[in-house]
Amino acid sequence: MTLRRIFSTAFFSFIGITNAAIAAEPLKLLYEIRDPISYRDSRGKITGLVITPTAQAMQHAGISYVWVETPFKRQLSVVEANDEAVCAVGMFKNKDRQKYAKFSQAIFHDTDRPSVMLAHRDFQPEKSMDLLRTLSIPGIRMLKKDAASYGSVIDDAIERSRVVVVNTTAESLNMAKMLVARRADFIFVPEDEALNMIKTIPGGEQLHIFKPLGMPQGPERFLMCSLQVPDELIQRFNKALTK
């Protein structure tokens, strides 16, 4: 065997070992605490509406994984950076995110959790208004988490309307407190979360729920993965979701 062949064989053997080692590393699954989507139960175990189906599919597919608690905006930047194989759990899919990420099949559909406007009591649109007309009321201010998506229907209405968007890095609970402080007129949030906020935050009685006519059902949620995540792994996950 020539020296070149020996070197070539050794080199590709090394590459094979390296790829196997990478494949053996647990897939990082990013999440944030947001009850009931994702939270810790009384025993400290990660659970929730997107956590449970994800964990079950990972186990059925034989995929090693580890949970990593990560703020929402950081999740987006980590996936986009593509420095490692990582997936953010429970993300909405939109055109911008599809430019830099891979998506699984839907892991959860919020059919029973449509978004509503959680608003300050001073914000009282006519009940006959649809979403676009409501968002086009002159001077209204919407509080929006940086880089957040609410599904294609609401995202499109926001883009087409006159609404003033006040961006924030705060989580949903603190955003509701900002409404009480009159930092904005409303936020979009699932109805069950809105009801919980009204009951639990200081000054929550100053808030109310408004439902414009024709609001869409809650959108689907997905695994949003960096480009380093192999297609084969996502396909295995998708197949396990249907079991």
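A polar contact is a pair of N or O atoms within 3.5 Å; within protein, one must be able to donate a hydrogen and the other to accept it. The exercises below apply this and related terms to a predicted model.

**Exercise 1. The surroundings of Asn94**

Task: Determine where Asn94 is found, whether Asn94 is buried or exposed, and which backbone nitrogens lie within 3.5 Å of a polar atom of its side chain.

Solution.

Step 1. Locate the residue. Asn94 belongs to the loop between β5 (86–91) and β6 (102–103).

Step 2. Compare its accessibility with the cut-off. A residue is called buried under 20% relative accessible area. The value for Asn94 is 18%, and Asn94 is therefore buried.

Step 3. Examine the side chain. A polar atom of the Asn94 side chain lies 3.3 Å from the backbone nitrogen of Asp96. For the backbone nitrogen of Arg97, the corresponding distance is 2.9 Å. Both values fall within the 3.5 Å limit.

Step 4. Look further along the sequence. When residues up to four places away are not counted, Asn94 touches Ser149 and Asp155.

**Exercise 2. The nonpolar cores**

Task: State how many residues the largest nonpolar core has, and which element gives the most to this core.

Solution.

Step 1. Recall the general tendency. In soluble globular proteins, nonpolar side chains tend to be buried together.

Step 2. Describe the core. The largest nonpolar core has 30 residues. Those with the most contacts inside it include Met117, Leu131, Leu135 and Phe186.

Step 3. Assign the core to elements. Two or more residues come from each of α3 (72–81), β5, β8 (115–120), α4 (131–135), α5 (152–160), β11 (186–190) and β13 (220–225). The element that gives the most is α3, with four residues.

Step 4. Identify the other core. Apart from the largest core lies another, of 22 residues, among them Met58, Ile63, Cys87 and Ala240.

Step 5. Inspect one member of the largest core. Not counting residues up to four places away in sequence, Leu135 touches several residues, including Met117, Ile158, Phe186 and Phe188.

**Exercise 3. The cavity**

Task: Find how much space lies in the largest cavity and what kinds of residues form its lining.

Solution.

Step 1. Count and size. The structure holds one cavity of 30 Å³ or more. About 380 Å³ of space lies in the largest cavity.

Step 2. Name the lining. Of the 26 lining residues, Glu32, Arg34, Phe72, Lys145 and Arg221 are the closest to the centre.

Step 3. Trace the elements. At least two lining residues are supplied by each of α3, β5, α6 (172–180) and β11. The largest share, four residues, comes from β11.

Step 4. Classify. The lining divides into 14 nonpolar, six polar and six charged residues.

Conventions
Residues numbered from 1 in each chain as written. Predicted model: local features only at pLDDT ≥ 70, side-chain atom pairs only at ≥ 80, totals over all residues. Heavy atoms only, no water. Buried < 20%, exposed > 50% of the residue type's maximum accessible area, 1.4 Å probe, protein only. Contact = heavy atoms within 4.5 Å. Core = buried A, V, L, I, M, F, W, Y, C linked by side-chain atoms within 4.5 Å. 1 Å grid on protein atoms, 1.4 Å probe; cavity = no way out; pocket = protein on both sides within 12 Å on 5 of 7 lines; lining within 4 Å. Points joined across faces, edges and corners; volume = space filled by probe spheres on them. Nonpolar A, V, L, I, M, F, W, Y, C, P; charged D, E, K, R; others polar.
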